[in-house]
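This report describes selected features of one protein chain. The sequence and the structure are shown first, and the description follows.

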Amino acid sequence: MENVFSAFILSFGVASVSLSGVALAQETEWDMDEWGEEEKAPKSFSGFVELAAGVRLSSDPVINTDKTLADLRAQLQWDKDFEASRVKFTADLYYDGVLDQTKLQIRELAWQGSLDSIVSLGEWSKKFDIKVGQQVLTWGTGDYVFLNDLFPKDFQSFFAGRDDDYLKAPSLAAKVSGFFDWANVDAVITPKFSPDNYINGDYFSFFSPFAGANVAPGFEVSSPNKPSSPEYALRVYKTIGSTEYAVYAYDGFHKSPASFTEFGEPYFSGLRVYGASAITPFASGLLNMEMAYYDSKDDAQGRDPLVPNSQSRWLVGYEQELVKNLTGSAQLYVERMSNFDALKASSLTPEFDPNKSRVLFTQRLMYRALQQTLTLNAFNFYSTSDEDGYLKLSADYSPVDQWQLSGGFNVFYGKERFSFFNQFEDASNAFVRFKYYY
């Protein structure tokens, strides 16, 4: 039954957290011109070691530790350029003092090159770039808000105070990019479904509507309930004038186990997503807009209370430098549920059902000082529909290239114990990190 509690709260909470991600999701395109015919860069090693600690601002009665972060981490990076391709490797080996576990994460182990380097098809093959292997993928226009980016995220790291880079989780995938006069195309195939590192009670508890309280079961989805089909993602984009337009499609599964079987076991239900975005200079800043429609494949009519309903999601954002070294941004995000009446009619816990529409505002202020060696960041989520929010404060100080000291707070607040952000009130924490580069 505990699994039922776990999965149900995920359908209400964490699955929707897929709206909340990390920084402006911009993808670094590979510059094919950087390969010189005669250049053969020698292999190189780099990386860092890091010590990180975090503690709750108040105790959580269902988790027996106040630690939210206790990492001793070493990262190794290696890359090698060939005549018309590249191999990159990034791995993290770390001891997680919260779970008392030593872990190895391969964040990148991928070959990237032009199609022409594999097979010669004349000018046609020079229009394609291929990247195969373990890699971190991202696209979309939101700042800490993801609509069309269905690549895996690590929300446990994000809430615990690890570097924002770790919000994006790696996956084993093949990405093919085509560059044409009419538009550019990215197609991604993930042969084995890669879920989010969702909130499951390992680090932070979450609200269960069946228990009427927070629980921390630390559950994992068993193999029979994990998808065996691949995931497919597509982006077509083109810049016209100074505006970049993009359309997206995804065919796969919800990234968190937001659905249940008839036996109350959590699983990842089927999902298709269609969307579009635009980003353009406006006034003295940058304006971005994005929309997505989440088509719930396993419950098209929205009558099954154990499967998430379809949704439409909308985002408008604006960023501008307010004064020298001070940048401000704001976003309005709206999430509207389809077939809401059907959900209410069949709901098992109607007193804890979400609203038909969820409205969220975000605000960011970023200030750089001391000749850019100190960066102060304040990011706030506030939902007018749920009357709750999440404030993320951080400071990074790096006076030399060899080391960086970081610290900050993650603070959840709200009125109702079961609301989206306020269910994590006991997860509010302070953290500090020291990183030494080699």
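## Tyr144 and Asp100: positive phi outside glycine

Tyr144 is buried in this predicted model, with a relative accessible area of 4%. The value lies under the 20% limit that defines a buried residue. Tyr144 belongs to the loop between β5 (128-135) and α3. Its backbone has a positive phi of about 65 degrees, although the residue is not a glycine. Most residues other than glycine have a negative phi.

Asp100 also has a positive phi without being a glycine, in this case near 55 degrees. The loop that holds Asp100 runs between β3 (85-96) and β4. Is Asp100 buried or exposed? Its relative accessible area is 56%, and because the limit for an exposed residue is over 50%, Asp100 counts as exposed.

## Arg73 in strand β2

Arg73 is part of strand β2, which covers residues 67-81. This charged residue is buried, with a relative accessible area of 3%. Its side chain makes a polar contact with the side chain of Asp71, at 3.3 Å.

Which residues does Arg73 touch, when those up to four places away in sequence are not counted? They are Phe48, Val49, Glu50, Asp92, Leu93, Tyr94, Arg162 and Tyr166.

## Strands β4, β5 and β6

Strand β5 pairs with β4 in the antiparallel sense over six bridges, and with β6 in the antiparallel sense over eight bridges. In the pairing with β4, Ala110 stands opposite Gly133 of β5. In the pairing with β6, Gln134 stands opposite Leu172 of β6. Six of the eight residues of β5 are buried, so this strand is largely enclosed by the rest of the structure.

The loop between β4 and β5 contains Ser120. Ser120 counts as exposed, at 60% relative accessibility. Ser120 and Gly270 are separated by 150 residues in sequence, and their C-alpha atoms are 38 Å apart in space.

## Strands β10, β11 and β14

Strand β10 (231-240) and strand β11 (residues 243-253) run antiparallel and are joined by nine bridges. Val236 stands opposite Val247 of β11. The two strands form a hairpin with two residues between them. Gly241, in the turn of this hairpin, has a positive phi of about 65 degrees.

Strand β11 is also joined to β14 (residues 270-282), by 10 bridges, and these strands likewise run antiparallel. Here Gly252 stands opposite Leu271 of β14.

## The second largest pocket

How much space lies in the second largest pocket? The volume is about 870 Å³. Of the 31 residues that line this pocket, Gln105, Ala169, Pro195, Asp196 and Asn197 are the closest to its centre.

Three elements, β4 (101-114), α3 (155-160) and β6 (171-179), each supply at least two residues of the pocket lining. Strand β4 gives the most, with four residues. By residue class, the lining divides into 14 nonpolar, eight polar and nine charged residues.

## The second largest cavity

A search of the whole structure finds three cavities of 30 Å³ or more. The second largest of these holds about 50 Å³ of space. Its lining consists of Phe151, Pro152, Ser171, Val188, Thr190, Ser194, Glu231, Tyr232, Ala233, Tyr250 and Lys255.

Which strand contributes the largest share of this lining? Strand β10 does, with three residues. Both β7 (184-190) and β10 supply at least two residues to the cavity lining. The lining residues comprise six nonpolar, three polar and two charged.

How values were computed
Residues are numbered from 1 along each chain as its sequence is written. This is a predicted model: local features need pLDDT of at least 70, side-chain atom pairs count only at pLDDT 80 or more; totals for chains, interfaces and linings use all residues. Side-chain values use heavy atoms; hydrogens and water are left out. On a 1 Å grid over the protein atoms alone, a cavity is a set of points where a 1.4 Å probe fits but cannot get out, and a pocket is an open set with protein on both sides within 12 Å along at least five of seven lines; lining residues have an atom within 4 Å of a point. Grid points are joined across faces, edges and corners, and a volume is the space filled by probe spheres set on the points. Two strands pair if DSSP finds at least two bridges between them. Buried means under 20% relative accessible area, exposed over 50%, partly exposed in between (1.4 Å probe, protein chains only). A polar contact is a pair of N or O atoms within 3.5 Å; within protein, one must be able to donate a hydrogen and the other to accept it, and residues adjacent in sequence count only if both atoms are side-chain atoms. Contact means heavy atoms within 4.5 Å.
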